[in-house]
Every structure is written in structure tokens, then in C-alpha cells.
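User: I should like to learn how to read helix packing and residue burial in a structural model. Could we work through an example together?

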Amino acid sequence: MRLARTEPTDQEPDIRARPPLVREFLLVAGLFLAYKFGRQAANGHVEEAFRNAGSVWDLERALHLPGEGAVQGLLLHSQPLTHAANTYYAAVHFPATALFLVWLYWRRPAHYVRSRRVLAALTAAALALHLLFPLAPPRMLPAAGLVDTGQVYGPTVYGQTPATDTMANQFAAMPSLHVGWAVMVAVGLIAASRSRWRRLWLLHPALTLFVVVGTANHYWLDAIVVVALLAVALAAFRLPISARTLPARLPEPGAWGSGDGVPVPVYASGVRSAISEVPVASGTYAGGAR
């Protein structure tokens, strides 16, 4: 008997698992606005943010993590490359995550529900850390000796005066949602697709990590902490069994066997009820006496 595959198939999406569109739009928009306003509420705390930055920098050196300057040095060899990295940081984060959710909603509804829950939990945990642990990014830390590539080479999403920036909270480096969301996009697409090339989606978080460190917007620890938080969220919100174990093949001729005591397998799409083994005695049919 050949075992059924457990990877997702290209079958039509189960529309019963798809939440109402308007409700989902309002929910996701509400979560985004709550996060943005929450970050604004965490603005300020300049002295504490710089004090925490010094502690994070010292901890990284004590842990013998590579210096962020080594990554930035690779960027600064080429002005077009630095500009491209700044553009990636500013323009890819939100659109990539939004397109990921839209595709899942339309093609993999069960995966969409789980991914939306994981992203919401991760973002809420990040907001709590932003409030409890304000952190100046390495581009602001004199001890780091790094260049603010956004201000020097452009483009940038931040104002020149961090303490009064009304567009974004520049003291919310820990953890890095750029990295956290990128990892979730890759994990979600790998779980929801069946292409042999699907693991190439891991290039997105890898490139994101290179960009956020190279542009001096985040420390290594910002990425490490967000990945740990994401692992907890993924463990808390698991895929439903139907989305994890979808049979992709019907039985081949002879798969039923012919001997006594052969278990009866279940292959019908959508059927999940367990059938116990039914031995057939010699000289009788399963339905009654001969």
C-alpha cells in the first residue's frame, strides 16, 4: 500500500474555510491601525532608548556576534546597491505581507486563517516589547560607528529628528518586524504550496535580514528575538489536520490486498472517519453467510 502524500495539492480551495471578505478586511485594517497608533504611543523615551541601545550593543559583543558594520561595509562599496537596499527596506515590507495574505485567502483559506492569527500574535508581542523596551537603532548609536544609509543615500521612511518624528517611532528597533513578517511569509508559502522550488521563498527573509542590518536599522538581536517570538506563535496556532494531511493519490489496483485480516484503507477526499480492521472469515462474505 502506497502512503498518501502530506504536502498541499493544487486542488480547488475549500470555500467553507474562507472567512467573510469584508470582515477580514476590517479586522486586518483594524489590527494595522492599532499597531501604528501603539507605536506612536511608544514614541519619545529618548534617554531610555539610547541606554538600552548601549546594553544591546555590549551584549552582542559579549556573545561574540558579528559586527553590524561588516554587513554595512558590503553595501557601502556600491552606491546603487545601498540605494536598492534602502528601497527594499522602505517598499517591500508591507506590500509583500499583504500580497501573501491575499493569496492565502483566495487559494489556501485554512492556511490564511492560521497565518493571520500568527501575524496578529507576533505583532502584538512586538508592540508590547516596543512599549516596554524602547531601543535606538544602531544607525543612531555613536559607539557603533555606522552610517544612516537612508538619510545619506535615500530613500528613507524616517524623519531627520527621531524624537519628534510624527510618521514613525524610530525607537522601536526591538524586535524587527521586517524580519519577523518576512520569515512568516516564507514559512507560510512553503507550507501552503507544493512546488519543488518553494524553499526559495527563504531568500526573502535572508535578504530582509541583510538589508535591515546593512542599513543599520536593526541589531542582530532584533532578528533573533523576533524569530523566537514567531516560533512560539507558530506552535500556539497549528494548522488544522485537514490542511496538513491532504491525500494526493487514489489507490492503485491491488492496493486492497486479498488475504485474511487485511485492514480496509480510506482514500476518499474529505473522508476522515476511522475504520477498524475487519477480518473476513473463510467461506463467508463481509455482508453475510455464503
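Analyst: Let us begin with the term contact, which means heavy atoms within 4.5 Å. Please keep in mind that the model shown here is predicted.

User: Which residues of α3 meet residues in α9?

Analyst: On the α3 side they are Glu68, Val71, Gln72, Leu74 and Leu75, and they meet Phe210, Val213 and Gly214 in α9. The residues of this contact divide into 5 nonpolar, 2 polar and 1 charged.

User: How should the packing of two helices be described?

Analyst: Two packed helices are described by the angle between their axes and the distance between the axes. Here, the axes of helix α3 (residues 68-76) and helix α9 (residues 203-214) come within 8 Å and cross at roughly 100 degrees. Angles of 65 to 115 degrees count as roughly perpendicular, and α3 and α9 are therefore roughly perpendicular to each other.

User: Is histidine 93 buried or exposed?

Analyst: Buried means under 20% relative accessible area. Histidine 93 has a value of 11%, so this residue is buried. Histidine 93 lies in helix α5, which spans residues 93-107. Beyond its neighbours within four places in sequence, histidine 93 is in contact with Tyr88, Leu177, His178 and Trp181.

User: Where does serine 55 lie, and how does serine 55 count at 44% relative accessibility?

Analyst: Serine 55 belongs to helix α2 (residues 46-62). Partly exposed covers the range between the buried limit of 20% and the exposed limit of 50%, so serine 55, at 44%, counts as partly exposed. The C-alpha atoms of serine 55 and leucine 135 are separated by 9.7 Å, although these residues are 80 residues apart along the chain.

Definitions and conventions
Residues are numbered from 1 along each chain as its sequence is written. This is a predicted model: local features need pLDDT of at least 70, side-chain atom pairs count only at pLDDT 80 or more; totals for chains, interfaces and linings use all residues. Side-chain values use heavy atoms; hydrogens and water are left out. Helices (H or I, at least four residues) and strands (E, at least two) are DSSP runs, numbered from the N terminus. Buried means under 20% relative accessible area, exposed over 50%, partly exposed in between (1.4 Å probe, protein chains only). Axes are lines fitted to C-alpha atoms, for helices over the stretch in contact, and angles run from 0 to 180 degrees between N-to-C directions. Angles under 35 degrees count as roughly parallel, over 145 as roughly antiparallel, 65 to 115 as roughly perpendicular and the rest as oblique. Ala, Val, Leu, Ile, Met, Phe, Trp, Tyr, Cys and Pro count as nonpolar, Asp, Glu, Lys and Arg as charged, and the others, Gly among them, as polar.
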